[in-house]
Amino acid sequence: MASQLSWRSLSDVRVVLSTTFGLGFVRYAPGTVASLLAVLIWWLWLSELRGFYQSGIIIAISAIALYCVGFTIRKHGVGDDGAITIDEVLGQWVALIALPKTWWLVLAAFVGFRVLDILKPDPVGWAESKFDGALGIILDDIVAGALVVAVLHALIFWFGLGL
């Protein structure tokens, strides 16, 4: 589905943040592009922080995102518009919380998150359908990321992977 938002919408900083600085307007796979940016930011910056601090940053940006996405969907009369991609960034960061900085674990987190975000099996699909507005848009990605990080940390614990 084509975005109902446009580049002209970027005159408002809340739309800029909702669309991950305009990445939501890329022609193909804007959610994947935003997830790749999230991985890059995690690799270069967040991975150097302890999981507690990564979580705090994610919580703070989630609060800002809820406000910005809520504004964007109300002002522009859209739902879960394809241009809104800050939810992918947040979900991807959740999928990476406190992982060892190992390329194959990061790749597993990226692929796992994208698969769950696209296919939306329960509880991801449930989170999207249960909550309206900005909360539903963001929460399904947070849930997808939480499932991925739980599985990856369990594998690391049980099998010593990534160490």
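This dialogue asks why certain features of a predicted model carry the labels they do.

Student: Why is the contact between Trp126 and Phe131 called edge-to-face?

Tutor: The ring centres are 5.9 Å apart, and rings pair if their centres lie within 6.5 Å. The angle between the planes is 85°, and planes over 60 degrees apart count as edge-to-face, so the pair takes that name. A search of the whole structure finds four aromatic pairs, this one among them.

Student: Why does Trp126 count as partly exposed?

Tutor: Its relative accessibility is 45%. Buried means under 20% and exposed over 50%, so Trp126 falls in between. Phe131, at 28%, is partly exposed because its value also lies between those limits.

Student: What makes Arg14 a charge over the ring of Phe71?

Tutor: The charged end of Arg14 is 3.5 Å from the ring centre, and the distance limit is 6 Å. The charge must also lie within 35 degrees of the ring normal; Arg14 is listed as sitting over the ring.

Student: How do you know which classes line the second largest pocket?

Tutor: Its lining includes Leu17, Phe21, Ile41, Cys68 and Trp93, as well as Thr20. Leu, Phe, Ile, Cys and Trp count as nonpolar, whereas Thr falls among the polar residues. The full division is 11 nonpolar, one polar and no charged. Helix H3 gives the most to this lining, with four residues.

Student: What is the division in the largest pocket?

Tutor: Four nonpolar, four polar and 10 charged residues line the largest pocket. Among those nearest its centre, Asp80, Glu88 and Asp117 count as charged because Asp and Glu belong to that class. Gly31 and Gly82 are also nearest the centre, and Gly counts as polar.

Note on methods
Residues numbered from 1 in each chain as written. Predicted model: local features only at pLDDT ≥ 70, side-chain atom pairs only at ≥ 80, totals over all residues. Heavy atoms only, no water. 1 Å grid on protein atoms, 1.4 Å probe; cavity = no way out; pocket = protein on both sides within 12 Å on 5 of 7 lines; lining within 4 Å. Helix = DSSP H or I, 4+ residues; strand = E, 2+ residues; numbered from the N terminus. Phe/Tyr/Trp six-rings, centres within 6.5 Å; stacked < 30°, edge-to-face > 60°. Buried < 20%, exposed > 50% of the residue type's maximum accessible area, 1.4 Å probe, protein only.
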